[in-house]
Amino acid sequence: MPTSTLAATAFTDKLDAARTSARSLARATTDIKNGALSAIAEQLRANVPAIVSANDLDLANGRENGLASGLLDRLTLDERRIDALAAATLELVGLVDPVGETVRGRSLPNGVRIEQVRVPFGVVGAIYEARPNVTIDIAALAIKSGNAVVLRGGSAAENTNRVLVDLIQRALESVGLPREAAQTIDEFGRDGATALMTARGYIDVLIPRGSAALINTVVSESTVPVIETGAGVVHVFLDSSADLDMATAIVHNSKVQRPSVCNALETLLVHEDAAARLLPGVLAALRASGVTIHADARALALFPDAVEATEDDWSTEYMTLDLGVRVVADVDEAMEHIRRYSTHHTESIVTNDLANAERFLGEVDSAAVMVNASTRFTDGGEFGFGAEVGISTQKLHARGPMGLPELTSTKWLVRGTGQVRA
C-alpha cells in the first residue's frame, strides 16, 4: 500500500468503490452500457481543447525529461487522434455484448441442464506508461464488458489522463452508472502501482502495457493474476520467391507508417537467393523515409548506406526509424532467428511459395503470424474489435489483440428439478 496511512486509506477506499461499482456494471443492460460509450465519445469530441491543453503540458514535461521520440509519439493526443478514439468508442456500441453469451451447454442424462456463460471479471486493473489512448480504450472495453476499471497511467501522461478519466466519469454518471466504475490512481505514484500489483481481493485481473521492463516488473512482482502484453520485436521474412513491389510496400508500411507502436517492424530477414534482387530497392525506399539500416555483413555489402549491426540489434524494440536487416540461408534459418529473438508478437513472410507460407504459419509461435501482409494489421481496431486492451503474447486465456470477450470469464449455470447425485 502507499506509504502514509492517509494515502493507504484513500487508496483502499478507491478500490472498495471500484468493487461496489463492478456489481452495478455487471447488472447493467446492454443499452445502458452503450449509452455510456456514446456519452464518452460525445465528451471526447466536446472537450478537445481541454484534452490537447493537458496533453501539451505532458509533452512539454516529456521533452524536458528527455523522453524518447517513440514515447513522445505515443504520448501525443491531437484533434485527429482524439476523434479516432471517439470513433473507436462508438464502434464498440455496435459490437455484440459478450456478457451472458452461452459458450456451451447441454442436458445431462438425469435431466439437469448445464450452461457455461460469459461473465465480467469484476475489477480490471491496468498499468501503462505514456499512452493516454489506453485510458479510453481500456475504460470503454471494460464498461461494455461489464467491468469496473482502475487505471495507473504513469507520470508522463498524468495531466492528460486526469482530464480523460474525468470525462469518462461524467459520461458514466449521465446514464446512471457510478462514476467510481472508472478511476485513476495516478496520484499515488509508483507506490500506487506497487499496491495495485498486490491488491488481491480488490483487483481481479491486471493488464500491463508498455516497455519490456514495465511488463516484466508487473509479471514478476504481481500477486494479482496478470494478462501479459508483450513488447514487439517484430519480423518480416522476404522469401526467395518474394515479389519486389509487394516486399517493398509491406516492409515500408510495417516500419514507417508508425514506428513507435508495438506492431511496427524491427528486424527484416531476407533469403540469400533473393537478397541481391530485393534488398537494394526495399532498403532504398526505407532510407528515403529516414530509416537507419542496421545491417549484417552480407546486407551491408549489398546496401552500403547502412550501419553495421550488432548482436543487440536483433533483440531491440527500437520504436524509432531504425531497422535491423539480416540475410539468412532459407526459411529454416529465418524461423530459427525468430525463435531466438522474437517476443512472439507478430511475424510476416512475403512469399509466392505456398509450401513455405504454410510452414511459416504453422511453425512460427507468435500471437499473430501473417503471409503477404503488413505487420501493422495486428491491432484490435483492424481486427474489427473496435478497440483493444492490448496485444497478449501469452498463451493462457487470451492471445493476440484483446477485445470484449477477452475481458470476460465464464461461470456455469446449473438448472435442475430436484435431482441428487447417486
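This passage walks through a helix pair, the pockets, a cavity and two single residues of a predicted model.

A good place to start is the pairing of two helices. Two packed helices are described by the angle between their axes and the distance between those axes. Helix H5 spans residues 79-93 and helix H6 covers residues 132-144. Their axes come within 10 Å and cross at roughly 10°. Angles under 35 degrees count as roughly parallel, and H5 and H6 are therefore roughly parallel to each other. On the H5 side, the contact is made by Leu 85, Thr 89, Leu 92 and Val 93. These meet Asn 133, Ile 136, Asp 137, Ala 140, Leu 141 and Lys 144 of H6. Sorted by class, the residues of this contact comprise six nonpolar, two polar and two charged.

The two helices appear again in the largest pocket, which holds about 960 Å³ of space. This pocket is lined by 31 residues, and those closest to its centre are Asn 133, Arg 258, Val 261, Arg 376 and Asp 379. Asn 133 is thus a residue to look for twice, since it also belongs to the H6 side of the helix contact. H5 and H6 are the elements that give two or more residues to the lining of the largest pocket. H5 gives the most, with seven residues. Within this lining, twelve residues are charged, ten are nonpolar and nine are polar.

The second largest pocket encloses about 560 Å³ of space. Its lining is made up of 23 residues, with Glu 129, Arg 152, Gly 154, Arg 190 and Leu 214 closest to the centre. Several elements take part here: helix H3 (48-64), helix H4 (69-75), strand S3 (123-128), helix H8 (189-197) and helix H9 (212-221) each supply at least two residues of the lining. H8 gives the most, with five residues. By class, this lining has eleven nonpolar, eight polar and four charged residues.

Turning to enclosed space, the count comes to one cavity of 30 Å³ or more. The largest cavity contains about 80 Å³ of space. Three arginines help to line it, namely Arg 74, Arg 131 and Arg 209. The glycines of the lining are Gly 210, Gly 230 and Gly 390, and the lining also includes Thr 229, Ala 231, Cys 262, Glu 317 and Ile 391. These lining residues divide into four charged, four polar and three nonpolar.

Two single residues round off the picture. Thr 267 has its place in strand S8, which runs over residues 265-271. With a relative accessibility of 0%, Thr 267 counts as buried, because the cut-off for that class is under 20%. Leaving aside residues up to four places away in sequence, Thr 267 touches Val 234, His 235 and Val 236. Its other contacts are with Asp 313, Trp 314, Leu 323, Gly 324 and His 337.

Glu 173 lies in helix H7, residues 158-174. Here the relative accessible area is 44%, so Glu 173 is partly exposed. Along the chain, Glu 173 and Ala 39 are 134 residues apart, yet their C-alpha atoms are separated by 9.6 Å.

Definitions and conventions:
Residues are numbered from 1 along each chain as its sequence is written. This is a predicted model: local features need pLDDT of at least 70, side-chain atom pairs count only at pLDDT 80 or more; totals for chains, interfaces and linings use all residues. Side-chain values use heavy atoms; hydrogens and water are left out. Axes are lines fitted to C-alpha atoms, for helices over the stretch in contact, and angles run from 0 to 180 degrees between N-to-C directions. Helices (H or I, at least four residues) and strands (E, at least two) are DSSP runs, numbered from the N terminus. Angles under 35 degrees count as roughly parallel, over 145 as roughly antiparallel, 65 to 115 as roughly perpendicular and the rest as oblique. Contact means heavy atoms within 4.5 Å. Ala, Val, Leu, Ile, Met, Phe, Trp, Tyr, Cys and Pro count as nonpolar, Asp, Glu, Lys and Arg as charged, and the others, Gly among them, as polar. On a 1 Å grid over the protein atoms alone, a cavity is a set of points where a 1.4 Å probe fits but cannot get out, and a pocket is an open set with protein on both sides within 12 Å along at least five of seven lines; lining residues have an atom within 4 Å of a point. Grid points are joined across faces, edges and corners, and a volume is the space filled by probe spheres set on the points. Buried means under 20% relative accessible area, exposed over 50%, partly exposed in between (1.4 Å probe, protein chains only).
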